[in-house]
Amino acid sequence: MYVRHGFGGRTREVRSPWHILTSQHVGTTVSGARPRGLTVALACAEGDWPHADWPAPDDPYIVRAVPMAPPYRGLRGSGADVVVLRCEDPSDSFPELLKAMGAMSAPVVVVTPCRDAETVVEAFRGGAGYLVEGDYCARMLSSAVMAATVGHTYLSPDACVALRDGSPWTPDRGEAVERLRSLLSTRERQIMELLSTGLGAQEIGLRLKLSEKTVRNNLSNIYAKLDVRGGTEAVLKWLGATPSVRA
């Protein structure tokens, strides 16, 4: 499933994330992932990639990494399954990358030292995973790439905190969010709280002692009530990080 997202006034079609992944998911198996043969485009300035040993020669899934320096000429013909953007300021570099990608549907993972909450929110809204430098390891990077291929959005711990705290919590904004949340039942509110911390349907089911099918049915009802198309938009509305719930 693909939905349209915007960043910096631009829109493109990206995979609609089913739920957020955080560092707690490292080492778990992502169902539906392709078994091997992934090509990753490393979008960064020449000599600016911080992981000379990634991907490792024995990586079971990623077999090729293609360096792509700005303005990312040749990206569309690279055959990349995932694009990893390493940059200092995603608010400038991410829109530039999306423009270069054009109609490419490959998911994006952002690697950056930037911890600015609003930047994290905008990247997440644009469908990108987000890893803060110093807040992840090479194994987590591989997990983020694999997760992206099946539509999951991976956030490092600092990025997850920034997403939750992405906008100042004023009284008016708090009232708007509570009005939105009041549309949901007690059970649905429990599910959304867990979804917003990075848990998926299976993990939520384990926490609430529900079947995964029951959780997914509840999520479908939640999306309808919140008037959203998937997990990304639902989490943004739940956290008050969309214009529709800001004062």
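**Helix α2**

I started with α2 in this predicted model. The helix is mostly covered, with seven of its nine residues buried. I noted the buried ones: Ala117, Thr119, Val120, Val121, Ala123, Phe124 and Arg125. Just past the end of α2, I found Gly127 with a positive phi of about 90°.

Arg125 caught my eye, a charged residue on that buried list. Is Arg125 buried or exposed by the cut-off? I looked up its relative accessibility, which is 16%. Buried means under 20%, so Arg125 counts as buried.

I then asked what lies across from Arg125 in space. Glu233 is 108 residues away from Arg125 in sequence. Their C-alpha atoms are 7.5 Å apart.

**α2 against α9**

Next I checked how α2, residues 117-125, packs with α9. The axes are 10 Å apart, and the angle is about 150°. Angles over 145 degrees count as roughly antiparallel, so α2 and α9 earn that label. From α2, the contact uses Val121, Phe124 and Arg125. From α9, it uses Thr232, Val235 and Leu236. I sorted these residues by type: four are nonpolar, one is polar and one is charged. Val121, Phe124 and Arg125 are also on my buried list for α2.

**Helix α8 and its partners**

I moved on to α8, residues 212-226. I took α6 as the first partner to look up. α6 covers residues 186-195 and packs against α8 at about 95°. Their axes are 10 Å apart. This angle makes α6 roughly perpendicular to α8. On the α6 side I listed Arg187, Glu188, Ile191, Met192 and Leu195. They meet Val215, Asn218, Leu219, Asn221, Ile222 and Lys225 of α8. By type, the contact has six nonpolar, two polar and three charged residues.

Then I turned to α7, residues 201-208. The axes of α7 and α8 come within 8 Å. They cross at roughly 110°. The range for roughly perpendicular is 65 to 115 degrees, so α7 and α8 also fit it. Ala201, Gln202, Ile204 and Gly205 stand on the α7 side. Glu212, Val215, Arg216 and Leu219 stand on the α8 side. I counted types here too: four nonpolar, two polar and two charged. Val215 and Leu219 turn up in the α6 contact and again in the α7 contact.

**Positive phi at both ends of α8**

I looked at the loops on either side of α8. Which residue in the loop between α7 and α8 did I mark? It was Lys209. Lys209 has a positive phi of about 60°, although it is not a glycine. Its relative accessibility is 75%, so Lys209 counts as exposed.

The loop between α8 and α9 holds Asp227. Its phi is near 60°, a positive value in a residue other than glycine. At 65% relative accessibility, Asp227 counts as exposed.

**Cis peptide bonds**

I checked the peptide bonds next. Trp54 and Pro55 are joined by a cis bond, with omega about -5°. Pro55 sits in the loop between β4, residues 38-43, and β5, residues 62-68. Another cis bond joins Pro70 and Pro71, with omega about 5°. Pro71 belongs to the loop between β5 and β6, where β6 is residues 82-86.

**Aromatic rings**

Trp54 led me to the rings. How many aromatic pairs does the count give? I found one. It pairs Trp49 with Trp54, their ring centres 5.9 Å apart. The planes stand at 50°, so I entered the pair as tilted. Both Trp49 and Trp54 are buried.

I also looked for a charge over a ring. Arg181 lies over the face of Trp238, at 4.0 Å from the ring centre.

**The whole chain**

I closed with the totals. The chain has nine helices and nine strands. Of its 247 residues, 53% are buried. I also looked up the contacts between residues at least 6 apart in sequence. Among these, 73% join residues at least 24 apart.

Definitions and conventions
Residues are numbered from 1 along each chain as its sequence is written. This is a predicted model: local features need pLDDT of at least 70, side-chain atom pairs count only at pLDDT 80 or more; totals for chains, interfaces and linings use all residues. Side-chain values use heavy atoms; hydrogens and water are left out. Helices (H or I, at least four residues) and strands (E, at least two) are DSSP runs, numbered from the N terminus. Buried means under 20% relative accessible area, exposed over 50%, partly exposed in between (1.4 Å probe, protein chains only). Axes are lines fitted to C-alpha atoms, for helices over the stretch in contact, and angles run from 0 to 180 degrees between N-to-C directions. Angles under 35 degrees count as roughly parallel, over 145 as roughly antiparallel, 65 to 115 as roughly perpendicular and the rest as oblique. Contact means heavy atoms within 4.5 Å. Rings of Phe, Tyr and Trp (its six-membered ring) pair if their centres lie within 6.5 Å; planes under 30 degrees apart count as stacked, over 60 as edge-to-face and the rest as tilted. A charge sits over a ring if NZ of Lys or CZ of Arg is within 6 Å of the ring centre and within 35 degrees of the ring normal.
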